[in-house]
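Subject: Structure handover

Hello,

Here is the structure I said I would pass on. My notes on strands, one helix and salt bridges follow below it.

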Amino acid sequence: MTVCYGILPADPGAHIFQVTVAIERPDPLGQRFLLPAWIPGSYMIRDFARNIVRLRALDGSGRQVRVQKTDKHTWRCAALASDQTLTLAYEVYANDLSVRSAHLDTTRGFFNGSSVFLLALGSEHEACWVDIFAPRERRYRSWRLATTLTPASGTQPGHFGRYRARDYDELIDCPVELGRFVVGRFAVQDVEHEITVTGQVPGLDLSRLTQDLARVCATHARLFEPRTRRPPFERYLFLTMAVDEGYGGLEHRRSAALLCRRDDLPHTDMKSATEAYRRFLGLASHEYFHAWNVKRIRPAAFATYDLQRENYTALLWLFEGFTSYYDDLALRRAGLLTPNQYLDTLAATLTTVLQRSGRLKQSLAESSFDAWIKYYRQDENAPNSVVSYYQKGALVAAGLDLLIRDKTAGRRSLDDLMRLLWRRYKSAGTNYRGLRDEELAPALREATGVDLDRTLRTWTRQTQEPDFAQLLPAFGVKVERGPALDSPHFALLGCRLASATDARISQVFDGSPAQVAGLSAGDQVVALDGLRAAGGRLDALLARYRPGDRVQVLAFRRDELLRFDLQLAARPPEKWKLSVDPKAVARARGLRTGWLGPNR
Ligand SMILES: [Zn+2]
């Protein structure tokens, strides 16, 4: 069965791609086609088939073939003689600016194959062709494309034409950017890397961006391959979309799709890296680390994806959480963060995790398993019911790393586990079975010589967490904790607001004064002790009170004005501060240089 796809940005103004799928020798019993319900890397059922409009099927002579839907994302065509060609033609509505789906307007196009290319069942493992056509109108003449699909002979890389994928899995793992964008290039060893930036970014400092990314990428490659320092692909591509507001990334085996604010990117007047730029580098670092951890080292549940339904694994805390640990740590190792800047990011994660009671109710294994219905579908109660496998997963990685370094006097670290997982579990061939839950603890023991089975179990299968106040001083880190007073409504009432200027309550934290008094998410706070609290005034008013004071809050619930008498928190939630302790550093030097030192 040879499959050939065609995609045309037919009507950018209406967000419409026209797509064709032509197959030779279709299933004689009636060929079936399906579109994935989710995209690997983003664990939520999204039913991409909802954006398919006007689908029809034609035989080799152009006659219409009957086609019927058999479930929400599957189509079945009437049987054809076996020498016939079958072509499906359909439109895809593409108006999602995220990294997960497809987008088309008069300024750019972007698509993941999982949103636009129907799989002809039975052709999963067959190589396929994709003809990517330029939009017809003259005003799109300057559009180019960027992808890691392989150009066919006769197609110049970066230009419209014919591309090839080894199988359907690769086809949907190579997103495509269309439009006008700038391209930066750098190499890691001899492997070519590119970054494209779409969207207007005045004064973009492309050379700084590529230099910094090169250091991050080289840091990850030397972690996994200390000898060759070479990444496991021939070419890598960061596709970046810069917008006014937005943030996100999605990993692929040879590329990453990134969405950021244009202010996150470096400009030529920028002297030292801004916090926003460091966050962008952290995002790129995160997705690049995934090229090893989750795209090649995979949990057993992802050995082969079932794209029609949820794929359950209890290990997302390893694949997302450890990736979150290494994203910032790599910036430190690459010299792009100072030790104190790195410790600030760790302290922020600690503060967020420890302020939320969800961590006492859900284990990391449970959070991973239920990602589809909980982490990815958070409601106003999420802080009280969900623990983030990203953030607590990163804390577990940090805790393990510190314990291993401590117990082996700095001779072993979490890096040794990552290298063992890489050697043993990198995906290869059709019999790949992935990492099973029960294989992790023995691997950790084997890689480090330290028995941490029980610790690992209590941190991931139960709800305990690493004790950083105890772990960090041996590494020359000073640990301070104090009331989180920078956000008075959170500190004193225990709630979050819709925005800085809108005093509508968006979340109420467990056991907080707001919850005890009966305030609820959705309530619109209008007054505090008789003074107007709307329009961003609430924090200014609260700043005049002290922990434990009594206040009266007026709030609208729907259209009813309600009165709440409450006592402000006597002990506001804690905020963590971590910093290098100059006095302890000399003593801890050996351990700290290993942990927070630069690349060696
Ligand atoms: Zn991730």
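Please keep in mind that this is a predicted model.

To begin with the strands, in β10 it is F110 that serves as the bridge partner of H103. That contact belongs to the pairing of β9 with strand β10 (residues 108–111), where three bridges join the two and the strands run antiparallel. Both strands are part of an open sheet of four strands, in the order β9-β10-β16-β13, with antiparallel pairing. β9 (102–104) and β13 (144–146) each have a single partner strand and stand at the edges, so one side of each has no neighbour in the sheet. From one strand to the next, the twist averages 15°.

Strand β15 (residues 161–165) has pairings to look at as well. With strand β12 (residues 128–132), β15 pairs in the antiparallel sense over five bridges. With strand β14 (residues 150–151), β15 is joined by two bridges, and these strands also run antiparallel. Y163 in β15 appears in both pairings: Y163 is the bridge partner of V130, and Y163 is also the bridge partner of P151.

Next, a helix. Helix α6 (residues 339–354) has 16 residues, which at 1.5 Å a residue should span 22 Å; the end C-alpha atoms are 22 Å apart, so the two values agree. Several residues of α6 are buried, among them P339, Y342, L343, L346 and A347. Further along α6, T349, L350, T351 and V353 are buried too.

Now the salt bridges. How many salt bridges does a search of the whole structure find? The count is 32. I looked at three pairs in detail.

1. K72 and D47. Their side chains meet in a salt bridge, at 3.1 Å from N to O. K72 is in the loop between β6 (67–71) and β7 (74–77), while D47 is in the loop between β3 (32–34) and β4 (52–58), so the pair ties together parts 25 residues apart in sequence. K72 has 48% relative accessibility and therefore counts as partly exposed. D47 has 23% and also counts as partly exposed, because the cut-off for buried is under 20%.

2. E177 and R108. The side chains of this pair meet in a salt bridge at 2.8 Å, N to O. E177 is in strand β16 (residues 176–179) and R108 is in strand β10, so the link joins distant parts of the chain, 69 residues apart. E177 counts as buried because its relative accessibility is 1%. R108 counts as buried at 3%. The strands that hold this pair, β10 and β16, are next to each other in the order of the four-stranded sheet.

3. K295 and D173. In this salt bridge the closest N and O atoms are 3.3 Å apart. K295 is in the loop between α4 (275–289) and α5 (316–333), and D173 is in the loop between α2 (168–171) and β16, so the pair ties together parts that are 122 residues apart in sequence. Are K295 and D173 buried or exposed? Both K295 and D173 are buried. The pair also belongs to a network of salt bridges that links D169, D173, R253 and K295.

Regards

Note on methods:
Residues numbered from 1 in each chain as written. Predicted model: local features only at pLDDT ≥ 70, side-chain atom pairs only at ≥ 80, totals over all residues. Heavy atoms only, no water. Pairing = 2+ DSSP bridges. Axes fitted to C-alpha atoms, helices over the stretch in contact; angles between N-to-C directions. Expected span 1.5 Å × (residues − 1). Buried < 20%, exposed > 50% of the residue type's maximum accessible area, 1.4 Å probe, protein only. Salt bridge = Lys/Arg side-chain N within 4 Å of Asp/Glu carboxyl O.
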